[in-house]
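This report goes through one protein model, from a single loop residue to the helices, cores and strands. Please keep the sequence and the structure in view while reading.

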Amino acid sequence: MTAPTLDRITVYPIKSLDGVTCDRATLVENGGLSHDRAYALVDAAGTFVNGKRTATIHRLALSMDLEANRATISVRGTDRAVSGHLDDHRDRFEAWLSSYFERDVSLEKQPAGGAPDDTEASGPTVVSTATLAEIASWYDLPVANVRRRFRANLELGGCPAFWEDRLYAEPGTAKPFEIGPTPFAGTNPCQRCVVPTRDPDTGEATSEFRTTFITRREATLPAWANRAQFDHFFRVTVNTTVPESAWGKEIHVGDSVTVG
């Protein structure tokens, strides 16, 4: 089998809102991707306003020019929207978001490297397109819908479903691999939260999503997956780390992926 390739890069400029696809991305401090989770919504208690806690966040759509740092946030299916530069017009965004959530919400810029869900394995998450297609078949959903549920950063083509399960080994270890010439290490299959169980446009729960996923994931676990990593089977996509030597390097769509 030829080496898989990096077919899609997606960053999520505002944590829990829509992703933006890119042809290339720079690895920044802590191993994250440039622009990924660079901002987050935070309430008056300092807690993230995110999909894990707030289902209504799914109804918000984001479009963004990454280079200009200009965004539009809107309520899907309505004419309610706010636009502007995320730094220069922060007050405008915060007033609009506070009105939408009916509580005080701040738009906070995150430290270099963004605000990853896994702070120990803070590199980009990895999945294959074939994996998303396989999961989509379990629910008779479009692949694009499943892609938005699982919100991976890096999507691989030219490989079978769950090929990314090759990118980790024993618990507590890191397995080296490369995208182009850039080194990464896989740590574990990502433990999923409530977010993938909801429709990404409405926030409505999909009936039996978690139960079906667990049953099918265990039944289709490939021989190359390290079963010791699965204390439960609501896990998919791979968490990664990036060595400091790779910070500042760029990855590109079309790069080959090799396991070292």
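Which residues does Asp199 touch, not counting residues up to four places away in sequence? The model is a predicted one, and in it Asp199 touches His58, Asn145, Arg149, Glu204 and Thr206. Asp199 sits in the loop between strand S12 (182–191) and H4. With a relative accessible area of 21%, Asp199 is partly exposed. One of its contacts comes from far along the chain: Asp199 and His58 are 141 residues apart in sequence, and their C-alpha atoms are 7.8 Å apart in space. The side chain of Asp199 also reaches the backbone within its own stretch of chain. A polar atom of this side chain lies 2.8 Å from the backbone nitrogen of Asp201, and the side chain reaches the backbone nitrogen of Thr202 at 3.0 Å.

Another loop residue is Glu120, placed between S8 and S9. Its relative accessibility is 75%, so Glu120 counts as exposed. The C-alpha atoms of Glu120 and Thr182 are separated by 20 Å, and the two residues are 62 apart along the chain.

**Helix H1 and the largest core**

Helix H1 covers residues 90–101, which makes 12 residues. From its first C-alpha to its last it reaches 16 Å, close to the 16 Å expected at 1.5 Å a residue. Its buried residues are Phe93, Glu94, Trp96, Leu97, Ser98, Tyr100 and Phe101. What do the buried residues of H1 pack against? They pack against five strands: S4 (39–43), S5 (60–65), S6 (70–75), S7 (81–85) and S8 (105–109). After H1 comes Glu102, which has a positive phi near 60°.

In soluble globular proteins, nonpolar side chains tend to be buried together. The largest nonpolar core here has 49 residues, and those touching the most other members are Ile14, Leu41, Leu60, Ile73, Leu97, Phe101 and Ile251. H1 gives the largest share of this core, five residues. Leu97 shows how such contacts run: leaving aside neighbours within four places in sequence, Leu97 is in contact with Leu41, Leu60, Ile73 and Val105. A second core, separate from that one, has 14 residues, among them Val127, Ile135, Trp138 and Tyr139.

**Helix H2 and its surroundings**

Helix H2 spans residues 129–139, and within it Thr131, Leu132, Ile135, Ala136, Trp138 and Tyr139 are buried. Why do the buried residues of H2 line one face of the helix? Seen down the helix axis, they fall within an arc of 150°, so they lie along one face. The cover over them includes strand S9 (126–128), helix H3 (143–150), strand S10 (154–157), helix H4 (209–219) and strand S13 (235–241). H2 is followed by Asp140, whose phi is positive, near 55°.

Ser128 belongs to strand S9. Is Ser128 buried or exposed? Its relative accessibility is 0%, so Ser128 counts as buried. Not counting residues up to four places away in sequence, Ser128 touches Glu155, Leu156, Cys159, Pro160, Ala161, Phe162, Trp163 and Glu164.

Arg235, in strand S13, is a charged residue to set beside Ser128 in the table. Arg235 is buried, because its relative accessible area is 10% and the cut-off for buried is under 20%. With residues up to four places away in sequence left out, Arg235 touches Asn188, Pro189, Cys190, Gln191, Arg192, Phe213, Arg217, Gln229 and Phe230.

The table lists side-chain polar contacts of these two residues.

| Side chain | Partner side chain | Distance |
|---|---|---|
| Ser128 | Thr131 | 2.8 Å |
| Ser128 | Glu164 | 3.2 Å |
| Arg235 | Asp231 | 3.0 Å |

**Strand pairing**

S5 and S6 pair in the antiparallel sense over six bridges, with Ser63 opposite Thr72 in S6. These strands form a hairpin with four residues between them, and Asn69 in the turn has a positive phi of about 60°.

Strand S1 (residues 5–11) pairs with S10 in the antiparallel sense over four bridges. In this pair Leu6 stands opposite Leu156 in S10. S1 also pairs with strand S2 (residues 20–22), in the antiparallel sense and over three bridges. There Ile9 stands opposite Cys22 in S2.

Notes
Residues are numbered from 1 along each chain as its sequence is written. This is a predicted model: local features need pLDDT of at least 70, side-chain atom pairs count only at pLDDT 80 or more; totals for chains, interfaces and linings use all residues. Side-chain values use heavy atoms; hydrogens and water are left out. Helices (H or I, at least four residues) and strands (E, at least two) are DSSP runs, numbered from the N terminus. The expected span of a helix is 1.5 Å times one less than its number of residues. Buried means under 20% relative accessible area, exposed over 50%, partly exposed in between (1.4 Å probe, protein chains only). Contact means heavy atoms within 4.5 Å. A nonpolar core is a set of buried Ala, Val, Leu, Ile, Met, Phe, Trp, Tyr and Cys residues joined through side-chain atoms within 4.5 Å. The arc is that of the directions from the helix axis to the C-beta atoms. A polar contact is a pair of N or O atoms within 3.5 Å; within protein, one must be able to donate a hydrogen and the other to accept it, and residues adjacent in sequence count only if both atoms are side-chain atoms. Two strands pair if DSSP finds at least two bridges between them.
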